[in-house]
Amino acid sequence: MSDAGSKGDGSRFARRLLDALSEETNRTILSLLDEPASVAELVERCDIPMSTVYRRLDTLNELDLVTEHVAIDAERGKYRRYERNVRRVSVAVGGEGRLRARVERAKGEPGEEVTWEPNGR
């Protein structure tokens, strides 16, 4: 997992994860990545500006929700493809207002569980 998701700062990661998933564009991109896709393909399918797709993919990549691969094509040259790196995200409300987020990875990779505590407790 990336530094953004290190368990040493689980509350920060949980907050960033929940913030990212609250954005409709991020959810749309994640839902479209059943198969690897390039930025151009996502722009066409999502009907959103290329700069927005790049920003959102950067956020999703930092949270390790997508994986970036470099591809080479005779017509396009070198370009990047992205695929979803998460099978399921679940959130549970626990005692004292704590939120527990569990990320289940695709392809049998180990998942993570982090807790967000109100007021940075």
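A residue counts as buried when its relative accessible area is under 20%. By that cut-off serine 38 is buried, because its relative accessible area is 4%. This value, like those that follow, comes from a predicted model. Serine 38 sits in strand β1, which spans residues 37-38. Leaving aside residues up to four places away in sequence, serine 38 touches Arg76, Tyr79, Arg80 and Arg81.

A look at the whole chain helps to place this residue. The chain holds four helices and six strands, and their order along the sequence is α-α-β-α-α-β-β-β-β-β. Of its 121 residues, 36% count as buried. Among contacts with a separation of 6 or more, 42% join residues that are 24 or more positions apart. The accessible surface comes to about 7,300 Å², and carbon and sulfur atoms contribute 44% of that area.

The interior can be followed from its largest nonpolar core, which has 25 residues. Those with the most contacts inside this core are Ile29, Leu33, Leu42, Val53, Leu57, Leu65 and Val66. At least two core residues come from each of α1 (10-22), α2 (24-32), α3 (39-46), α4 (50-62) and β5 (99-105). Valine 53 offers a closer view of the packing: not counting residues up to four places away in sequence, it touches Ile29, Val39, Leu42, Val43 and Ile48.

The helices can now be taken in turn, beginning with α1. This helix has 13 residues and reaches 18 Å from its first C-alpha to its last, close to the 18 Å expected at 1.5 Å a residue. Its buried residues are Gly10, Phe13, Ala14, Arg16, Leu17 and Ala20. Because these residues cover an arc of only 165 degrees around the axis, they lie on the same side of α1.

One of the buried residues of α1, arginine 16, also takes part in a polar contact. Its side chain meets that of glutamate 62 at 2.8 Å. Arginine 16 and leucine 63 are 47 residues apart in sequence, yet their C-alpha atoms are 7.9 Å apart in space.

In α2, the buried residues are Asn26, Ile29, Leu30 and Leu32. They cover an arc of only 165 degrees around the axis, so they are on the same side of α2. The partners against which the buried residues of α2 pack are α1, α3, α4, β2 (66-73) and β3 (77-84). Ile29 thus appears in several parts of this account: it is buried in α2, it is listed among the core residues with the most contacts, and it is touched by valine 53.

Helix α3 has Val39, Leu42, Val43 and Cys46 as buried residues. Seen down the axis of α3, they fall within an arc of 100 degrees and therefore line one face of the helix. The buried residues of α3 pack against α2, β1, α4 and β3. Val39, Leu42 and Val43 are also among the residues that valine 53 touches. Just after α3, aspartate 47 takes a positive phi of about 55 degrees.

Read together, these results lead back to the starting point. Strand β1, the place of serine 38, is one of the elements against which the buried residues of α3 pack.

Definitions and conventions. Residues numbered from 1 in each chain as written. Predicted model: local features only at pLDDT ≥ 70, side-chain atom pairs only at ≥ 80, totals over all residues. Heavy atoms only, no water. Core = buried A, V, L, I, M, F, W, Y, C linked by side-chain atoms within 4.5 Å. Buried < 20%, exposed > 50% of the residue type's maximum accessible area, 1.4 Å probe, protein only. Contact = heavy atoms within 4.5 Å. Expected span 1.5 Å × (residues − 1). Arc of directions from axis to C-beta. Polar contact = N/O pair within 3.5 Å; in protein donor to acceptor, adjacent residues only side chain to side chain. Areas by Shrake-Rupley, 256 points an atom, 1.4 Å probe, with all protein chains shown as cover.
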